[in-house]
Amino acid sequence: MQTVTIPTRMDAVQPPIVAVIGDLIRQVPGTISLGQGVVHYGPPPAALDVAREAIANPDTHAYQDGVGLRALIGAIEDKLARDNGIDVARGTGVMVTAGANMAFVHAVLAVTGVGDEVIVPVPFYFNHEMAIQMAGCTAVRVPTDDRYQLDVDAMRAAVTPRTRAIVTVTPNNPTGAVYPEASLRAVSALCRERGLYHISDEVYEYFTYGAARHVSPASFDGAAAHTISLFSLSKAYGFAGWRIGYMAYPASLGDAIAKVQDTVLVCPPVLSQIAAVAAMEVGPTYCRRHLAPLAEIHDIVARELRALEPLCTVPPADGAFYCFIRVNAAADPMQIAERLIREFRVAVIPGTAFGVTDGCYFRVAYGALQKDTVAEGIGRLVTGLRALLG
């Protein structure tokens, strides 16, 4: 039978780059991955203990409330007030999702129609652009400055009658940049002025170094009505495989978001939610106890990469666990990424996956490293880049 190829909107969506790099890594045993953004630690022991106990409860295996377990919603509301300055009593809804990626999809489907536009600063988190395209919308790419900080004037110039939202990610994936309060206030004011939603991805909220501090835009006066805030337990609590995220959104979007949730997920994974309640009872101190050693790793990575200058340019990265480096040489970043794996057994993600097409860039992720592996991993990368491009 002849195969018929029918064009769809998915044709414009890039392949999932982490899976592409993962396939290459599996072909070269012993490769150290500086690719996927994960932490080296797992969930709090209390969360695992509660999950084991919950397996014997018949309710764990049944459908539950689509918004999320009441105990988890309550824990999230308390956390939003304590850590983010977001008061849900002032017209803000809360929903648990299967990770923050799902929350982003919910947000895009709730606020757009086919053909609409969503502004994304470049470099962007690749799954965000993918979700926007899957919704039949256009991701409007707006450049950042040479330190990967927001250019609000460029955002303003990019707004059209089809624009529905502006996306910010801080601390940032892929750059590690932390946006100052003044920049976020400017974005929030622009959204309020032009009737846009501000989709604020705050997955790395606890991961800041030195004097950098995270600020939640929904905490600004008058911002809750146009701000959709996205969070996750994946990084802070080592919950990546448990798939628990959550979103805080204007209550006016509740019906639209509920439709997406019921269609895509029905309800968040119950066992994961039970474990999440216990994790949030432990609180952000669990993440913060890992920050000091991670900050040391951050400093080692930055120092070793800056030793590559002028071959590489390494802007400041004060948050998350990424550096986004530019190699000052003419080369195809995907080809270099493949050679780094095959010849030097170290993996990074090419910058083209994050929307950067005007040079040779790489995201370097160090969250999975520990002090006994960081020197070897970064050493392989430095040696490889010098050999291939120096």
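Q: Why is R70 called exposed in this predicted model?
A: Exposed means a relative accessible area over 50%. R70 has 56%, so it earns the label.

Q: What makes E77 and R70 a salt bridge?
A: The cut-off is 4 Å between a side-chain nitrogen and a carboxyl oxygen. In this pair the closest N and O atoms are 3.1 Å apart, so it counts. Its acidic member, E77, is partly exposed, at 24% relative accessibility.

Q: How do you know that R26 and D23 form a salt bridge, and where do they lie?
A: Their closest N and O atoms are 2.3 Å apart, and the limit is 4 Å. Both residues belong to helix α1 (residues 17–27), where they sit three residues apart, about one turn of the helix.

Q: Why do R26 and D23 get their accessibility labels?
A: Over 50% is exposed, under 20% is buried, and partly exposed is in between. R26 has 60%, so it is exposed; D23 has 40%, so it is partly exposed.

Q: What makes R164 and D116 a link between distant parts of the chain?
A: Their side chains meet in a salt bridge, 3.2 Å from N to O. R164 is in strand β5, while D116 is in the loop between α4 (100–111) and β3, and 48 residues separate them. D116 is buried, with a relative accessible area of 5%, and R164 is partly exposed, with 26%. Salt bridges with shared partners also bring R162 into one network with D116 and R164.

Q: How do you know that C191 is in no disulfide?
A: Two cysteine sulfur atoms must be within 2.5 Å to count. For C191 the nearest cysteine sulfur, that of C137, is 16 Å away. C312 is in no disulfide either: the nearest cysteine sulfur belongs to C360, 8.3 Å away. The count for the model is zero disulfides.

Q: Are C191 and C312 called buried or exposed, and why?
A: The threshold for buried is under 20%. C191 has a relative accessible area of 1%, so it is buried. C312 is buried as well, with a value of 1%.

Q: Why are β2 and β4 said to stand at the edges?
A: The seven strands of this open sheet come in the order β2-β8-β7-β6-β5-β3-β4. β2 (92–97) and β4 (138–143) each have a single partner strand, so one side of each is left without a neighbour in the sheet.

Q: What makes β3 and β5 a pair?
A: Pairing needs at least two bridges. Strands β3 (residues 117–122) and β5 (residues 163–169) have three, in the parallel sense. In one of the bridges, V118 has A165 of β5 as its partner.

Q: Why is α9 described as largely enclosed?
A: Ten of its 13 residues are buried, so the rest of the structure largely encloses α9. Among the buried residues are V270, I274 and M280. Their cover includes α2 (45–54), α3 (70–84), β2 and β8.

Q: How do you know that the span of α9 is close to the expected one?
A: Helix α9 (residues 270–282) reaches 19 Å from its first C-alpha to its last, set against an expected 18 Å at 1.5 Å a residue. Just after α9 comes G283, which takes a positive phi of about 85°.

How values were computed
Residues numbered from 1 in each chain as written. Predicted model: local features only at pLDDT ≥ 70, side-chain atom pairs only at ≥ 80, totals over all residues. Heavy atoms only, no water. Buried < 20%, exposed > 50% of the residue type's maximum accessible area, 1.4 Å probe, protein only. Helix = DSSP H or I, 4+ residues; strand = E, 2+ residues; numbered from the N terminus. Expected span 1.5 Å × (residues − 1). Contact = heavy atoms within 4.5 Å.
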